Amino acid sequence: MEEPPLREEEEGEEEEEEDAERDEAGPEGALGKSPFRLTAEDVYDISYVMGRELMALGSDPRVTQLQFKIVRVLEMLEALVSEGNLAVEELRMERDSLRKEVEGLRRVGPPDSAGGEVNLGPDKVVVDLTDPNRPRFTLQELRDVLQERNRLKSQLLVAQEELQCYKSGLFPLPREGPRGRREKDALLARASNASSSKEEKTIIKKLYNYSNKKHT
Amino acid sequence: MAKKTYDLLFKLLLIGDSGVGKTCVLFRFSDDAFNTTFISTIGIDFKIKTVELQGKKIKLQIWDTAGQERFHTITTSYYRGAMGIMLVYDITNGKSFENISKWLRNIDEHANEDVERMLLGNKCDMDDKRVVPKGKGEQIAREHGIRFFETSAKANINIEKAFLTLAEDILRKTPVKEPNSENVDISSGGGVTGWKSKCC
C-alpha cells in the first residue's frame with residue numbers, strides 16, 4: 001500500500017527535473033537527453049540546431065541531398081516520439097485508474113481473503129505450495145488406496161480365521177504322520193504364545209521347510 | 001480348500017452426517033469398546049462380526065462410510081452391494097436429523113431397491129443436550145416404513161439389538177440356499193476381491 005504513492009512522487013520529481021533541464025540547456029540540451037524522455041518539442045529543438053549547422057555548411061548540392069534525408073529522419077523521430085508519448089500517457093492514465101480501483105477494493109473487502117487479492121471465482125481454491133499438508137492426491141488415487149487397504153484387510157481376516165481353524169484343530173494339517181502330528185502340536189503351541197516377530201519368522205520358516213520335506 | 005465357518009454373509013452399510021457416531025456404533029458392536037476421540041473416517045472402512053441367528057452363523061461385513069461431503073463420490077459406490085443400510089443421526093445435532101431426507105434420497109439413488117433400511121438416533125445417553133425428540137425420529141421412520149432405534153455407542157444402548165434386528169430382517173427375506181451363492185461375493189461395489197473362493 002505504501003509503495004505506489006512513493007513512486008508517484010519520484011516520477012513527479014523527475015518530470016520537474018526534465019523541465020528544468022530543457023529550460024537551462026536550451027535547444028542544444030535536447031540532444032543530450034535520454035531518447036526515452038524525448039518530446040516533440042525536443043525534436044523541433046534538434047531540427048533547429050541541425051538546420052542551423054547545415055545552413056552553415058553552405059549550398060553544396062551534397063549538403064542539400066543530406067538535408068532531405070535528415071528532414072525525413074527527423075519527421076520519423078517526431079512521429080515515434082509523439083506516438084510513444086501518447087501511448088505512455090494513455091497507459092499512465094489506465095494505471096492510475098486501476099490503482100484507484102485496487103485501493104477501493106482493498107478498502108471495501110478487508111483481509112478476509114488472506115490468500116492474496118486474486119479473485120478466482122466460484123469452485124476454485126488456492127493451494128499454498130509451501131504447506132506440507134496441502135492436498136496433493138486425486139480422488140481416484142484415494143479410491144485405489146482404500147480399495148487396496150480393504151482388500152488386504154479382508155485377506156488378513158481370512159488368513160487369521162484360517163489360522164484359528166488350524167490352531168483349534170478344526171482343520172487337519174495336510175497329510176501328516178504320527179511324528180508330524182507331534183511336531184505340529186509343538187509348533188502350534190509355540191505359535192500361539194509367540195510374541196516376538198523373530199520367533200514368528202522362524203516358525204514360518206520351519207513350517208515352510210516341513211511342508212517342503214513332505215512334498216519332496 | 002478350507003471349509004466355511006458361516007452359513008450366510010450379509011453386507012451392511014452405515015451412513016449419516018459426519019460426527020454422528022457411525023464408527024463408534026460399529027466399534028461398539030464389533031469390539032465392544034468405545035473411544036471418545038473423534039477421528040474422521042477416511043473414505044470407507046469395514047469390520048467383520050459373526051453372529052448366530054435362528055441356528056445360522058451369519059457373517060456381517062459392515063461397511064463404515066465417511067460422512068463428510070468430500071468423500072461422497074467414493075462412499076456412494078458402496079451402496080449398491082449393501083443388503084442393509086443403517087442411517088445414523090445424532091440426537092444432539094438438529095442438522096444431522098434434517099439431513100435424513102438427503103441420506104434417504106441417496107439410498108434411493110444408489111442402493112438396491114430391496115435394501116433393508118434402519119434409522120438410528122445415536123448419542124441417546126446425552127439427554128441434557130438433546131435437540132431431536134424421540135417422537136420425531138419415530139415419526140420420520142414411520143413415514144418411510146423403516147425401523148427406528150435410539151442408540152448410544154458410549155453407554156452401549158440398543159447397539160447389538162439394532163444390528164441383530166437388521167440382520168434378522170435381511171435373513172427373513174433371504175431365500176434358503178447354499179451360502180456359496182451371490183451372497184458371498186463381496187467384490188461387487190466394494191472392490192474387495194479374493195474372498196469368493198477362500199472363506200474359512
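**Exercise 1. Determine which residues B:Leu119 is in contact with, leaving aside its neighbours within four places in sequence.**

Solution. In this predicted model, taking contact to mean heavy atoms within 4.5 Å, one finds B:Leu119 touching B:Leu87, B:Tyr89, B:Ile100, B:Gly137, B:Ile140, B:Ala141, B:Ile146, B:Arg147, B:Phe148 and B:Phe149. Local features here need pLDDT of at least 70 and side-chain atom pairs count only at pLDDT 80 or more, whereas totals for chains, interfaces and linings use all residues, and side-chain values use heavy atoms, with hydrogens and water left out. Residues are numbered from 1 along each chain as its sequence is written, while chains are lettered from A and ligands numbered from 1 in the order in which they are written.

**Exercise 2. Place B:Leu119 in the largest nonpolar core, and state which element gives the most to this core.**

Solution. A nonpolar core is a set of buried Ala, Val, Leu, Ile, Met, Phe, Trp, Tyr and Cys residues joined through side-chain atoms within 4.5 Å, where buried means under 20% relative accessible area, exposed over 50% and partly exposed in between, with a 1.4 Å probe and protein chains only. The largest such core has 29 residues, of which B:Ile85, B:Ile107 and B:Leu119 touch the most other members. Two or more residues each come from strand 1 (8-15), strand 2 (44-53), strand 4 (84-90), helix 4 and helix 5 (134-143) of chain B, helices (H or I, at least four residues) and strands (E, at least two) being DSSP runs numbered from the N terminus. Helix 4 of chain B gives the most, with four residues. A second, separate core of 27 residues includes B:Val25, B:Leu120, B:Phe149 and B:Ala153.

**Exercise 3. Describe the surroundings of B:Lys102.**

Solution. B:Lys102 lies in helix 4 (residues 100-110) of chain B, and UniProt, whose positions are given in the numbering used here, with shortened feature names and annotations that may be inferred rather than shown by experiment, places "modified residue: N6-acetyllysine" there. With a relative accessible area of 26%, B:Lys102 counts as partly exposed. Beyond residues up to four places away in sequence, B:Lys102 touches B:Asp17, B:Glu69 and B:His72.

**Exercise 4. Compare what the model shows for two spans that UniProt lists.**

Solution. First, an unreviewed UniProt entry places a "coiled-coil region" at residues 74-108 of chain A; this span is 100% helix and 0% strand, with its end C-alpha atoms 50 Å apart. Next, UniProt lists "short sequence motif: Switch 1" at residues 32-46 of chain B, a span that is 0% helix and 20% strand, with end C-alpha atoms 15 Å apart.
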